[in-house]
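Colleague: Please take a close look at one part of this model for a first-year student. Pick a charged pair on a helix, and then follow the contacts outward from there.

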Amino acid sequence: LVSFKDNFKKRNKRLLAEEKCVEYFKENNITYTRYGFDCLFDIKPQDFLKIPEKLRNTPDYMVISSAAYLVEAKGCHDILRLKLDDMKSYNFWETLIHVYVFIYSSMERKHKIISYEKLCEIAYTCEISYYEDNGKAYYKIPWELIR
């Protein structure tokens, strides 16, 4: 299993949450397209960082039904780690188009879909922690709080 403690390359070798999200779209005949960076392309990390943060953090998919909206796919075990830096970007995208988050728990082997707005409400009640490797802050959101 891949963990948040693994390096970027290992974490992004297999994007389970994205695989499960696409599976969900296909099973439910949902019209979608890849939208954000795949992060599996061959670019050096130092070059990727030259891209403005709001663009680097573009949600993964655009879904089109009665309206268009963006979907960010996130994976977790039992705790979703929602980075404060990423939230700044999602806040920007939310001003343009509604953003939803598809969350897949490898522990529960289930997914949940929640509006980004609702996920923020939950996040703001949760503890903030920091990654050991880069010091970035994130909300620790227990799986059971996500509704």
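Modeller: Lysine 20 has a relative accessibility of 26%, so this residue counts as partly exposed. The model is a predicted one. Lysine 20 forms a salt bridge with glutamate 23, and the closest N and O atoms of the two are 3.8 Å apart. Glutamate 23 is also partly exposed, because its relative accessible area is 37%. Both residues of this bridge, glutamate 23 and lysine 20, belong to helix H2 and are three residues apart, about one turn of the helix. The spacing matters here because an α-helix has 3.6 residues a turn, so residues three or four places apart point the same way. Side chains of opposite charge can pair when their charged atoms come close.

Helix H2 also holds phenylalanine 25, which is part of an aromatic pair with tyrosine 61. The ring centres of phenylalanine 25 and tyrosine 61 are 5.5 Å apart and the planes stand at 85 degrees, so this pair is edge-to-face. Because phenylalanine 25 lies in helix H2 (residues 16-27) and tyrosine 61 in strand S2 (residues 61-64), the pair ties together parts that are 36 residues apart in sequence. Phenylalanine 25 counts as buried, because its relative accessibility is 4%. Tyrosine 61 is buried as well, with a relative accessible area of 4%.

These two rings have company: Tyr24, Phe25, Tyr32, Tyr61 and Phe102 form one aromatic cluster. The ring of tyrosine 61 also has a charge over it, since the charged end of arginine 34 sits 5.2 Å from the ring centre. Arginine 34 has charged partners too, as Glu18, Arg34 and Asp60 are linked in a network of salt bridges. In total, the model has 10 salt bridges and 11 aromatic pairs.

A further aromatic pair joins tyrosine 35 and tryptophan 93. The centres of these rings are 6.3 Å apart and their planes are at 90 degrees, so the pair is edge-to-face. It links distant parts of the chain, with tyrosine 35 in the loop between strand S1 (31-34) and helix H3 (45-48), and tryptophan 93 in helix H5, 58 residues apart. Tyrosine 35 counts as partly exposed, at 38% relative accessibility, whereas tryptophan 93 is buried, with a relative accessible area of 8%.

Helix H5 takes part in a salt bridge as well. Aspartate 85 pairs with lysine 136, and their closest N and O atoms are 3.7 Å apart. This bridge also links distant parts of the chain, since aspartate 85 is in helix H5 and lysine 136 is in the loop between strand S7 (127-130) and S8, 51 residues apart. Aspartate 85 is partly exposed at a relative accessible area of 23%, and lysine 136 is partly exposed at 32% relative accessibility.

Helix H6 has a salt bridge within the helix, between lysine 118 and glutamate 121, with the closest N and O atoms 3.6 Å apart. These two residues of H6 are three residues apart, about one turn of the helix. Lysine 118 counts as partly exposed at 36% relative accessibility, and glutamate 121 is partly exposed with a relative accessible area of 46%.

Other residues of H6 are buried. In this helix (residues 116-123), the buried residues are Tyr116, Leu119, Cys120, Ile122 and Ala123. They cover an arc of only 160 degrees around the axis, which puts them on the same side of H6. Their cover includes strand S4 (79-83), helix H5 (84-96), strand S5 (99-105), strand S6 (110-115) and strand S8 (137-142).

The largest nonpolar core has 23 residues, of which Ile103, Leu119, Ile141 and Ile146 touch the most other members. Strand S3 (68-76), S4, H5, S5, H6 and S8 are the elements that give two or more residues to this core. H6 provides the largest share, five residues. Leaving aside neighbours within four places in sequence, isoleucine 146 is in contact with Leu80, Ile103, Lys112, Ile114, Leu119, Ile122 and Ile141. A second, separate core of 10 residues includes Val22, Phe25, Val71 and Tyr104. Phe25 thus appears both in that core and in the aromatic cluster.

Definitions and conventions:
Residues are numbered from 1 along each chain as its sequence is written. This is a predicted model: local features need pLDDT of at least 70, side-chain atom pairs count only at pLDDT 80 or more; totals for chains, interfaces and linings use all residues. Side-chain values use heavy atoms; hydrogens and water are left out. Buried means under 20% relative accessible area, exposed over 50%, partly exposed in between (1.4 Å probe, protein chains only). Helices (H or I, at least four residues) and strands (E, at least two) are DSSP runs, numbered from the N terminus. The arc is that of the directions from the helix axis to the C-beta atoms. Contact means heavy atoms within 4.5 Å. Rings of Phe, Tyr and Trp (its six-membered ring) pair if their centres lie within 6.5 Å; planes under 30 degrees apart count as stacked, over 60 as edge-to-face and the rest as tilted. A charge sits over a ring if NZ of Lys or CZ of Arg is within 6 Å of the ring centre and within 35 degrees of the ring normal. A nonpolar core is a set of buried Ala, Val, Leu, Ile, Met, Phe, Trp, Tyr and Cys residues joined through side-chain atoms within 4.5 Å. A salt bridge is a side-chain nitrogen of Lys or Arg within 4 Å of a carboxyl oxygen of Asp or Glu.
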